[in-house]
Amino acid sequence: MGKAIFIRNAAQLITIGGSSCAPLVKEAMSELGIIENGSLWVEEGIIQAVGKDEEIVGKFSDRLALAEIVDATGKLVTPGLVDPHTHLVFAGSRENEFDMRLKGLSYMEIMNAGGGIHATTKRTKKATYEELLHESFERLNQFLLHGVTTVEAKSGYGMEWETERKQLEVAKLLNIKHPIDVVSTFMGAHAIPKEYKDQPDGFVELLVKEMIPKVAELRLAEFNDVFCEQGVFTPEQSRRILEAGKAYGLTPKIHADEIEPYQGAELAAETGALSADHLLKASENGLKAMAEKGVVGVLLPGTAYFLMTEPANGRKVVDLGVPVALATDCNPGSSPTVSLPFIMNLACLQMGLTPAEVITAATINAAHAIGRASQIGSLEPGKKGDVTIFNVENYMKLQYLYGMNHIDTVIKNGRVVVKGGRLVEKLSLS
């Protein structure tokens, strides 16, 4: 962590302060807590003070000479970006499916033909622990270069114990070895394995009786996710999987209503899920139930964009009072991107969210979606020194100049890890 860091003279410093108790909804999503000519003092990895530059100078005048100065003149300073939905640990790529989709095949048609999740599962099973570790570590480097300081990582490219365990153990070591914090989710219920195609309840039994207890015993994850979708897991099967996870201390999450309306949003509210993700086809009743229970709706505009389908109606989701977060859904089949800033652009351009709302959705609400809002997601004293500095002078310009990487500096736990858009030092596993 080292010496103090003094971030000075930001054109706009976005604090989003006082939002750690509950995620922000409706009009509150636009209340960014902007300080012009703002500054920030970080020491021992923790934010000590936030305010106008002259205030911070006066408060720490006796220590200025010893601090590392980060000049943010003319720049936008935000909390470190948080990506609450990724499939970080996997092997290989699926560019051939991109070509197939352009020729008219649907996501489910490709999966039923042996592609999709099953194709990545095959490669991930074959990959060694070391291969998965190095490939995922390099992927995290790219997340860092796009301003992300915390990611959630799902398993799910094994659907049998040894590979699921391998994915989760890789994620656990990445959390130790890489500057980015990695939060793990067990998602053995990502698809029905081919060998269980005619007896899906048998696979549910395996998940509930064997795999979930092992994940809990080895403390490999804190969340339990399921793909509740027509042709994958039914609402009844999904409920059983989520309730089994809860019995072992795993907090529910759910892939909900992505391709067909399938009661996923309703199920998220009923089971006390922390988040329901996708929501392209969620019913209004389901969204209202989520709003009532405070379930975070994690929207994934990059997935709809890449699959060339209509995205979730983000404007409607926000207006119904659902706390909205944004994520990349980084995965090799339906959203092969690490650029959360581009996802923020898409949320404005294709979902109807405002530039202010997407900042909230990618910071404090995203932190709430992974149970980390007491530590990250806003710039206020007592929180981790996770800061992203963009080479634009205001938050609206960040969305206006879309599709570009505006990252200037990234500070993680009070340490500068990206400077001038480049890694400060070569990050390695050694």
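Biologist: How many salt bridges does the rule find across the interface of domain 1 and domain 2?

Modeller: In this predicted model, the rule finds two salt bridges across that interface. The chain is divided into domain 1, which covers 5–80 + 377–423, and domain 2, which covers 81–369. The contact between them takes 40 residues from domain 1 and 39 residues from domain 2, and together the two domains bury about 2900 Å², 68% of it on carbon and sulfur atoms.

Biologist: What makes the meeting of Asp181 and Lys384 a salt bridge?

Modeller: The side chains of Asp181 and Lys384 come to 2.7 Å, N to O; a salt bridge requires a side-chain nitrogen of Lys or Arg within 4 Å of a carboxyl oxygen of Asp or Glu, so this pair qualifies.

Biologist: Why is the pair of Lys412 and Asp386 said to tie together separate parts of the sequence?

Modeller: The side chains of Lys412 and Asp386 meet in a salt bridge of 2.6 Å, N to O. Lys412 lies in strand E17 and Asp386 in the loop between helix H15 and strand E16, so the pair links parts that are 26 residues apart in sequence. Salt bridges that share partners join Asp181, Lys384, Asp386 and Lys412 into one network.

Biologist: Why is Val295 called buried?

Modeller: Val295 has a relative accessible area of 1%, and buried means under 20%, so Val295 is buried by that rule. Val295 sits in the loop between helix H10 and strand E14, where the residues that Val295 touches include Ala268, Met290, Val322 and Pro323, not counting residues up to four places away in sequence.

Biologist: How do you know that Lys316 and Glu284 are partly exposed, and what does their salt bridge join?

Modeller: Lys316 has a relative accessible area of 31% and Glu284 has 35%; partly exposed lies between the limits of 20% and 50%, so both residues fall in that class. Their side chains meet in a salt bridge of 3.5 Å, N to O. Lys316 lies in helix H12 and Glu284 in helix H10, so this pair ties together parts that are 32 residues apart in sequence.

Biologist: What makes Phe98 eligible for a nonpolar patch on the surface?

Modeller: Phe98, found in helix H2, has a relative accessible area of 36%, and a patch residue needs over 30%, so Phe98 passes that cut-off. Phe98 forms the patch with Leu102 and Met308, and the three have about 290 Å² of accessible area together.

Methods
Residues numbered from 1 in each chain as written. Predicted model: local features only at pLDDT ≥ 70, side-chain atom pairs only at ≥ 80, totals over all residues. Heavy atoms only, no water. Patch = residues over 30% accessible without salt bridge, like charges linked within 9 Å, V, L, I, M, F, W, Y side chains within 5 Å. Areas by Shrake-Rupley, 256 points an atom, 1.4 Å probe, with all protein chains shown as cover. Helix = DSSP H or I, 4+ residues; strand = E, 2+ residues; numbered from the N terminus. Buried < 20%, exposed > 50% of the residue type's maximum accessible area, 1.4 Å probe, protein only. Domains from an automatic or database assignment. Contact = heavy atoms within 4.5 Å. Buried area = accessible area lost by both parts, 1.4 Å probe.
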